[in-house]
Amino acid sequence: MTTETAKARTWRNWSGAVVAHPSGFLRPESVDALKAALRDASAQARTVRVVGSGHSFPPLCATDETMVSLEGLHGLESVDAGAREAVVWAGTNLRELGTLLASHGLAMENLGDINKQSLGGALGTGTHGTGMGLGILSTQAAAMTLVTAGGDEVTCSEDASPELLQAARVSLGALGVMTRVRLRLLPAYRLRLTRRNLGLEECLAGLDEARARHRHYEFFWFPHSDRVMTKAMDLTDEPPHGVGVGRWFSEMVMENAVFGAVSRACRMRPALCAPVSRLSAKLASEGVLAGQSHTLFATPRLVRFQEMEYAVPVERGPDCLRELSQYITREQLPVHFPVEYRFVRGDDVFLSPAHGGDRAFIAVHQYQGMPLEPYFSGAEAIFRNHGGRPHWGKLHTQTAATLKHLYPRWDDFQRVREQLDPEGRFLNPYLRRLFLEGGAKSATHPRA
């Protein structure tokens with residue numbers, strides 16, 4: 001096990017807005033080492049938080065006590081190609097996982113648009129992709145193994161301890177440390193990606209048909225304009241194409257280098273936000289490309305930002321977006337990042353934002369260093385008015401007092417949490433605000 005002292009370690013999340021100074025930073029390289037570390041922390045009544053890539057925007061992982069990285073527990077433990085399953089170490093990042101599975105002729109059913117996260121972090125926060133017939137990533141988990149604060153291993157599956165599995169699939173690290181996951185997989189497959197530019201109302205009018213017709217469908221609306229860019233992906237037998245220099249120029253040069261430069265200009269002169277957004281809409285490139293699924297889902301994200309995302313009932317999505325558009329226009333908010341709109345199939349995972357029905361996930365972003373208010377608070381009010389639930393890995397201001405009314409199985413999750421972690425060893429102040437009424441007070445959104 002590798003240990004670093006607080007003097008040698010300052011931890012920041014990806015956006016740079018969350019900073020922690022853990023007194024102990026541990027990288028166990030075996031399950032036994034992890035168990036020993038957890039027993040030691042428990043004996044000293046120390047809070048333990050597990051970190052992955054830091055792609056969560058709120059202080060989910062922040063602690064000034066013990067921080068644990070699972071970088072030493074990564075890769076495939078076993079593969080059953082016939083059963084289309086693999087047991088994966090939770091510290092494996094999604095980009096690495098896609099390559100490893102492809103080498104065995106397998107692939108995940110769906111992925112999000114960022115592949116830097118660790119598998120454990122992506123599952124535990126309810127990370128999702130898009131596709132009306134596809135659930136959040138953790139619905140692909142057939143079994144999980146956790147290590148409790150006392151150093152005990154607990155395994156749950158759809159056949160053994162199914163209730164625990166439904167709690168563990170999205171648990172924010174509040175039940176124990178996820179070490180291994182048995183994933184249900186598909187034979188490796190290719191996707192055809194088509195980008196089109198449309199008017200906002202034309203897009204919304206055809207939304208029901210588009211989300212039903214395509215395996216994956218999403219769109220980006222450009223604030224201060226009436227334009228969107230749609231992305232549709234479907235299974236194909238076409239050989240890979242369009243994934244060379246042209247894709248590199250679009251994603252790395254235009255969407256990162258150029259967009260990063262204009263974002264810095266917008267931060268210095270917020271009045272540029274509206275014209276920049278309208279220009280981005282005009283420059284959005286259409287096109288078609290094809291490739292292996294794990295190479296098409298994710299796009300590089302080098303421009304740092306803050307994000308809020310809510311899941312609203314799918315039938316409420318269009319009106320919710322219209323209201324958001326009217327709010328931005330009415331208040332002339334300095335926003336130039338596109339608003340992302342995706343779809344997720346309903347499930348029965350206790351704390352899934354898609355619990356109980358299909359959802360439209362709508363995400364708002366603000367460039368690093370630019371004020372989040374009043375944009376995020378206004379957007380959140382609109383999302384909540386439309387029956388929205390927050391994405392656990394994104395910014396929001398809700399607490400246990402409000403969250404308990406959004407999840408029918410909230411009490412069941414709390415019962416499981418109290419059974420596995422009765423002393424609250426895995427609860428930092430932020431999680432206490434989420435799970436304990438009367439816990440840490442609600443905080444406003446950070447500036448950057």
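Which element gives the most to the lining of the second largest pocket? I opened the notebook with this point, keeping in mind that the model is predicted, and I found that α7 is that element, with four residues.

**Second largest pocket.** I noted that about 540 Å³ of space lies in this pocket. Of the 25 residues that line the second largest pocket, I listed R95, N115, A298, T299 and P300 as the closest to its centre. When I looked up which elements give two or more residues to this lining, I found α2 (94-102), α7 and α9 (293-296). Sorted by class, the lining of the second largest pocket comes to 11 nonpolar, eight polar and six charged residues.

**Largest pocket.** I then turned to the largest pocket, for which I recorded a volume of about 780 Å³. Its lining has 31 residues, and those closest to the pocket centre are F222, M254, E255, F259 and P338. I looked up the elements behind this lining and wrote down β15 (216-221), β16 (227-236), α7 (245-268) and α8 (273-283), each of which supplies at least two residues. Here too I met α7, which gives the most to the lining of the largest pocket, with seven residues, just as it gives the most to the lining of the second largest pocket. By class I entered 17 nonpolar, seven polar and seven charged residues for the lining of the largest pocket.

**Nonpolar cores.** Next I looked up the largest nonpolar core, which has 82 residues, and noted M144, L175, W392, L431 and F435 as those with the most contacts inside it. Helix α1 (residues 31-43) provides the largest share of this core, namely five residues. I added the general remark that in soluble globular proteins nonpolar side chains tend to be buried together.

I followed L175 further and, leaving out residues up to four places away in sequence, found that L175 touches L146, L164, A167, A168, F413, V416, R417, L420 and F426. I also entered a second, separate core of 47 residues, with M132, A232, F305 and I362 among them.

**Annotated domain.** Last, I checked the UniProt record, an unreviewed entry, whose annotation "domain: FAD-binding PCMH-type" covers residues 18-188. Over residues 18-188 I noted that the chain is 20% helix and 28% strand, and that the end C-alpha atoms of this stretch are 37 Å apart.

How values were computed. Residues are numbered from 1 along each chain as its sequence is written. This is a predicted model: local features need pLDDT of at least 70, side-chain atom pairs count only at pLDDT 80 or more; totals for chains, interfaces and linings use all residues. Side-chain values use heavy atoms; hydrogens and water are left out. On a 1 Å grid over the protein atoms alone, a cavity is a set of points where a 1.4 Å probe fits but cannot get out, and a pocket is an open set with protein on both sides within 12 Å along at least five of seven lines; lining residues have an atom within 4 Å of a point. Grid points are joined across faces, edges and corners, and a volume is the space filled by probe spheres set on the points. Ala, Val, Leu, Ile, Met, Phe, Trp, Tyr, Cys and Pro count as nonpolar, Asp, Glu, Lys and Arg as charged, and the others, Gly among them, as polar. A nonpolar core is a set of buried Ala, Val, Leu, Ile, Met, Phe, Trp, Tyr and Cys residues joined through side-chain atoms within 4.5 Å. Buried means under 20% relative accessible area, exposed over 50%, partly exposed in between (1.4 Å probe, protein chains only). Contact means heavy atoms within 4.5 Å. UniProt positions are given in the numbering used here, feature names are shortened, and annotations may be inferred rather than shown by experiment.
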